[in-house]
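Biologist: I would like to learn how to read a structure like this one. Please show it to me, and then we can take the features in turn.

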Amino acid sequence: MARMSTASLKEKRLKNEKISMLTAYDYSTASLVDEAGIDMILVGDSLGMVFLGYENTLSVTMEDMIHHTKAVVRGTKNAMVVGDMPFMSYHVSVKEAVRNAGRFIQEGGAQAVKLEGGQERIATVKAILDAQIPVMGHIGLTPQSVNQFGGFKVQGKDLETANKLIRDAKALDEAGVFSIVLECVPTQLAKRITEAVSVPTIGIGAGQYCDGQVLVINDMLGMFKGHIPKFVKKFANLEPIIIAALRDYKKEVEEGTFPGEEHGFTIKDDVLEKLY
Ligand code: KIV
């Protein structure tokens, strides 16, 4: 099976086939996501919260992202890997943005990058595309703007902001992005945006009419103790299972029932006899 590409995603949209995407931040998880046949893996800057324990995504650096992207890419064969450009990696200058996007491809091994923002980012998006790097847009609740938004809130609820999101999506589409993430926007607005653009929309908290869906893997597997947004469905609840296993391990170590004989290695008697 060939790795998912921007062309195969476009084809899926044309055939009305939904696109699946999940985040992953490490080799082992990425290899499970890949084996399950998920179309795209986002090495999201959400790793700041779920992997590094920060309050938000603002502290995540390019070095963090490249390190985790390399691990995820090593775990995948079929999924398309998208590297999430972190805060301040594309805000200072277009030149710096292109250089950082290039690092995701050249050092990280990703197939594409994602960056947050609409019309205000078009020059940056075009310059990255000029470097032959596929770009995924991200509008709506863009977590790197949390201080400007004053919290994590649903976006596009009034006429002015809803129309702005439609303009942002159209501008990204015209600039040449291969897909657009719509985060935390009303369902009917996400539907209108999806109808207004030519590329697949990937929703997170944007209802059922997008061309695909993305979730943070730790949220959907029930493995994250922090705030879980309303739009998340827990497809598993691994936290109690993991804690029970860890408690069993502690108990068996303390009781001396683990390790058992079957977990050890043998040595020949004649070697043993000659030991000091
Ligand atoms: O970093 C992330 O996980 C994301 C998704 C929420 C889209 O950007």
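## Reading strands, buried residues and salt bridges

Modeller: Start with one pair of residues: Val181 has Ile202 in strand E7 as its bridge partner. Keep in mind throughout that this is a predicted model.

Biologist: Which strands does that pair belong to, and in what sense do E6 and E7 pair?

Modeller: Strand E6 covers residues 179–183, and it pairs with E7 in the parallel sense over 4 bridges. To get from E6 to E7 the chain passes through helix H9, residues 187–196, and this β-α-β crossover is right-handed.

Biologist: What lies on the other side, where E7 meets E8?

Modeller: Strand E8, residues 212–215, runs parallel to E7, and 2 bridges join them. Here Ile202 stands opposite Gly212. Gly212 in E8 is also the bridge partner of Ile19. Strand E1, residues 19–23, is joined to E8 by 4 bridges and runs parallel to E8.

Biologist: What do the strands form as a set?

Modeller: They form a closed barrel of 8 strands with parallel pairing, in the order E1-E2-E3-E4-E5-E6-E7-E8. From one strand to the next the twist averages 25 degrees.

Biologist: How should I read the two faces of a strand?

Modeller: In a regular strand, side chains alternate between the two faces of the sheet. In E7, residues 201–204, both faces are covered. Thr201 and Gly203 are on one side, Ile202 and Ile204 are on the other, and all are buried.

Biologist: Now a helix residue. Is Leu9 buried or exposed?

Modeller: The general step is to compare the relative accessible area with a cut-off: buried means under 20%. Leu9 lies in helix H1, and because its relative accessibility is 1%, Leu9 counts as buried. Beyond its sequence neighbours, Leu9 touches Met4, Ile19, Met40, Met80, Phe178 and Pro200. One of these, Ile19, is 10 residues from Leu9 in sequence and 7.3 Å from Leu9 in space, C-alpha to C-alpha.

Biologist: Where do Ser46 and Thr142 sit?

Modeller: Both are in loops. Ser46 is in the loop between E2 and helix H3, and Thr142 is in the loop between strand E5 and helix H7.

Biologist: Are these two buried or exposed?

Modeller: Ser46 has 13% relative accessibility, so Ser46 counts as buried. Thr142, with a relative accessible area of 6%, is buried as well. Leaving out residues up to four places away in sequence, Ser46 touches Thr23, Tyr25, Thr57 and Val216, while Thr142 touches Glu116, Gly117 and Phe149. As a distance to check on the model, Thr142 and Lys153 are 9.7 Å apart, C-alpha to C-alpha, and 11 residues apart in sequence.

Biologist: How do I read charged residues?

Modeller: Side chains of opposite charge can pair when their charged atoms come close. A search of the whole structure finds 11 salt bridges. One of them joins Asp39 and Lys12, whose closest N and O atoms are 3.0 Å apart. Asp39 lies in the loop between H2 and strand E2 and Lys12 lies in helix H1, so this pair ties together parts that are 27 residues apart in sequence. Asp39 and Lys12 are both buried.

Biologist: Which salt bridge lies within one helix?

Modeller: Glu255 and Lys251 both lie in helix H11, residues 238–255, and are 4 residues apart, about one turn of the helix. The closest N and O atoms of their salt bridge are 3.5 Å apart. Lys251 counts as partly exposed, at 48% relative accessibility.

Biologist: Which residues are linked in a network of salt bridges?

Modeller: Glu63, Arg103 and Glu107 are. Between Glu107 and Arg103 the closest N and O atoms are 2.7 Å apart. Arg103 is buried, with a relative accessible area of 18%, whereas Glu107, at 38%, counts as partly exposed.

Biologist: Asp34 is buried yet has no salt bridge; which side chain of opposite charge is nearest?

Modeller: That is Arg3, 5.5 Å away. A salt bridge needs the nitrogen and oxygen within 4 Å, so a pair at a greater distance is not counted. Asp34 is in helix H2, residues 27–35. Its contacts, apart from neighbours within four places in sequence, are Ile41, Gly75, Thr76, Lys77, Asn78 and Ala79.

Conventions: Residues numbered from 1 in each chain as written. Predicted model: local features only at pLDDT ≥ 70, side-chain atom pairs only at ≥ 80, totals over all residues. Heavy atoms only, no water. Buried < 20%, exposed > 50% of the residue type's maximum accessible area, 1.4 Å probe, protein only. Pairing = 2+ DSSP bridges. Right-handed = clockwise from strand over helix to strand, strands pointing away. Lys, Arg positive; Asp, Glu negative; His and termini not counted. Contact = heavy atoms within 4.5 Å. Axes fitted to C-alpha atoms, helices over the stretch in contact; angles between N-to-C directions.
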